[in-house]
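Please open the model in your viewer and keep the residue selection tool at hand. The stops below say what to select next and what is there.

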Amino acid sequence: MTDSSDVSTLIAQIELARTRRLDPAHPDTEAIRSTSLKALDPTLLRDYLTSCRSRSRRLAALDDTEVLRAAGVIAPSGEVTLAGIYAMGKNPQRYRPSLGITAAVLMPVGAKERTRDLIHVTGPIPDLLDGAMPWIARNTPTSIRYDDLGNSREVPVLPMWAVRELLVNALVHRNLDAATEAERIELRVVGSTLVITSPGGLRGITEDALGQPDSKCAVNPVLYEICKNLHTTDGARLITDESGIREVRDAAARADLPDPILRDSGVRFTAILRWPATETAETAEKAAETAEEEKEAALPSPPSLSALQLVSEPS
């Protein structure tokens, strides 16, 4: 049951969503007080500067501080912006505890335990992605595929490129306003459904326009541009010009999966991927509702894990 504080929070979020549509703000440019470049991960920072200079002749002529100021990583005051901390910080959750991911497998009604493999993933955006993808892989099924020579191999039933794209979207386009400071990105596996939920709704675009040509609209434009020059530990670029919702739908179709369900409530955005056998659009929507109800029921707090420390909890 929802208490009065939950209702007040929801009302505040709805009002915020309405205000943002009329007068868009960019909290990703906010300067984080008393921070300096020492708050940033040196490896990510070095990689970022190298990438910026390789892609822009104008930036190549600037020194490090000038590049970072031009890109919005640091504010005119010299302090690091929220975008810079979230993208490359040594410990972003020190400044905003909600800038992380909570993941859990929700067990069927009547099971001995409500959840399985419950974790928190922390760190900057590349670490969040690196930490969440293995969790998704180990909690979603595989299938046997055969190559042209008849050799069998085990592959994920979900196209992991599409999963990655949806997760990157959740990380980069989540709301960073004060009204959602307590809201983390949430991953839930419910039956044969993967539910990815991020705080905040769409801005400057409708559900129907998602995936259409020239329909991209960044919620956090400074953060989005920073992430174009970041890489994960495998060397893959975090954001590419070829990625997007249209490509996610194409990947699902090639894998003979149902079309992803994308739902904007105004204060929350949910992406749902389904795999074969049992899930229809109706049951997938129910799975998303179950994930939301479980959130309100206050999941037990798991240990906070960095991307390099993730381990499965015993069932």
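Start with Arg188, which is buried at a relative accessible area of 2% (buried means under 20% relative accessible area, exposed over 50%, partly exposed in between, with a 1.4 Å probe and protein chains only). This is a predicted model, in which local features need pLDDT of at least 70, side-chain atom pairs count only at pLDDT 80 or more, and totals for chains, interfaces and linings use all residues. Residues are numbered from 1 along each chain as its sequence is written, and side-chain values use heavy atoms, with hydrogens and water left out.

Arg188 is found in strand β5; helices (H or I, at least four residues) and strands (E, at least two) are DSSP runs, numbered from the N terminus. Now show Thr102: its backbone oxygen is reached by the side chain of Arg188 at 3.2 Å.

**Thr180**

Select Thr180 in the loop between α7 (160-173) and β5 (185-190). Thr180 counts as buried, at 2% relative accessibility. Add Asn175, whose side chain makes a polar contact with the side chain of Thr180 (3.2 Å). A polar contact is a pair of N or O atoms within 3.5 Å; within protein, one must be able to donate a hydrogen and the other to accept it, and residues adjacent in sequence count only if both atoms are side-chain atoms. Then pick Ser198, 18 residues from Thr180 along the chain; the two C-alpha atoms are separated by 10.0 Å.

**Helix α2**

Go to α2 and begin at its N-terminal end, which Asp41 caps: a side-chain oxygen of Asp41 lies 3.0 Å from the backbone nitrogen of Thr43. The end C-alpha atoms of α2 are 20 Å apart, which agrees with the 20 Å that 14 residues should span at 1.5 Å a residue (the expected span is 1.5 Å times one less than the number of residues).

Which residues of α2 are buried? Select Leu44, Leu45, Tyr48, Leu49, Ser51 and Cys52. Looking down the axis of α2, you will find these buried residues within an arc of 165°, so they line one face of the helix; the arc is that of the directions from the helix axis to the C-beta atoms. An α-helix has 3.6 residues a turn, so residues three or four places apart point the same way. To see what covers the buried residues of α2, show elements including α3 (57-60), α4, α5 (82-88), α6 (125-138) and α8 (221-227). Turn to the face away from the buried side, and the exposed residues Arg46, Thr50 and Ser54 are there.

**Salt bridges**

Stay with α2 and select Arg53 together with Asp64: their side chains meet in a salt bridge (2.7 Å, N to O). A salt bridge is a side-chain nitrogen of Lys or Arg within 4 Å of a carboxyl oxygen of Asp or Glu. Arg53 lies in helix α2 (residues 42-55) and Asp64 in helix α4 (residues 64-71), so the pair ties together parts that are eleven residues apart in sequence. Arg53 is partly exposed at 26%, and Asp64 is partly exposed at 39%.

Next select Arg249 and Asp259, a salt bridge with its closest N and O atoms 3.7 Å apart. Arg249 belongs to helix α9 (residues 245-254) and Asp259 to the loop between α9 and β7 (261-264), so this pair ties together parts ten residues apart in sequence. For a last selection, take Glu30, Arg96 and Glu181, which salt bridges that share partners join into one network.

Notes. Contact means heavy atoms within 4.5 Å.
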